[in-house]
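Got your viewer open? Keep the selection tool handy and follow along, stop by stop.

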Amino acid sequence: MNYFNPEDTICAITTGGGMSAIAAIRISGAKAINSTNSIFSKDIRDAKSHTIHFGTILDNTDVVDEVLISIFKGEKSFTGEESVEISCHGSVYIQNKIIQLLIGKGCRTASAGEFTMRAFKNGKLDLSQAESVADLIASESEAAHQTALRQLRGGFSSKLQNLRTKLIDFASLIELE
């Protein structure tokens with residue numbers, strides 16, 4: 001099992017397993033853009049954050065797939081690191097081929113929950129929000145979905161912060177007396 005190492009650039013298929021019309025692959029870490037750039041038909045190293053680029057994934061000169069590449073730089077990404085998302089066709093072969101190409105360029109496969117762990121470690125989510133990501137993914141009803149979404153948006157955290165402020169104020173009054 002891989003463990004959190006902030007020095008590593010990680011990659012993983014982020015859509016459900018198996019064949020589908022479209023799949024997404026996320027890459028995160030200091031080498032995310034350069035690793036992706038080395039297998040992409042266009043130079044994306046100077047691309048602006050939150051932009052999408054159409055091109056092909058290449059294995060040397062062989063075309064693997066036509067894809068869309070989404071760029072997220074530094075603090076503007078989910079993980080708080082350089083991140084790239086590749087939207088490709090959902091063939092299991094294509095997904096695995098892209099992952100293998102990325103591993104060949106210095107990435108390693110992410111452990112389960114590692115993207116969310118990086119978001120937590122980099123201050124993008126607090127613990128309650130990080131836990132709510134798993135709840136959101138597992139939600140099977142509208143009520144569960146809404147509860148998880150509220151937590152992800154900081155609903156529980158803001159209530160705790162409000163309670164903390166009130167307790168500090170109360171402790172200050174007691175101290176004053």
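Start with C88: is C88 buried or exposed, and why? Its relative accessibility is 2%, under the 20% cut-off, so C88 counts as buried. Bear in mind that this is a predicted model.

While you're on cysteines, don't go hunting for bridges: there are zero disulfides here. Select C107 and you'll see the case for yourself. The nearest cysteine sulfur belongs to C11 and sits 4.8 Å away, and C107 is in no disulfide. With a relative accessibility of 5%, C107 counts as buried because that is under 20%.

Next stop, the nonpolar interior. Select I27, I57, I69, I86, I98 and L102: these have the most contacts inside the largest nonpolar core, a set of 24 residues. Now colour by element. Two or more core residues come from each of β2 (20-28), α1 (32-37), β4 (62-72), β5 (83-90) and α2 (92-104). Helix α2 gives the largest share, with five residues.

Zoom in on I57 and show what surrounds it. Skipping neighbours within four places in sequence, I57 is in contact with I39 and F40, then with D62, V63, V64, D65, V67 and I69, and finally with I86, I98 and L101. Of these partners, I69, I86 and I98 are also on the list of residues with the most contacts inside the core.

Last, the rings. A search for aromatic pairs comes back with zero. Select R26 and F115 instead: R26 lies over the face of F115, 5.2 Å from the ring centre.

Methods. Residues numbered from 1 in each chain as written. Predicted model: local features only at pLDDT ≥ 70, side-chain atom pairs only at ≥ 80, totals over all residues. Heavy atoms only, no water. Disulfide = S-S within 2.5 Å. Buried < 20%, exposed > 50% of the residue type's maximum accessible area, 1.4 Å probe, protein only. Core = buried A, V, L, I, M, F, W, Y, C linked by side-chain atoms within 4.5 Å. Helix = DSSP H or I, 4+ residues; strand = E, 2+ residues; numbered from the N terminus. Contact = heavy atoms within 4.5 Å. Phe/Tyr/Trp six-rings, centres within 6.5 Å; stacked < 30°, edge-to-face > 60°. Lys NZ or Arg CZ within 6 Å of the ring centre and 35° of its normal.
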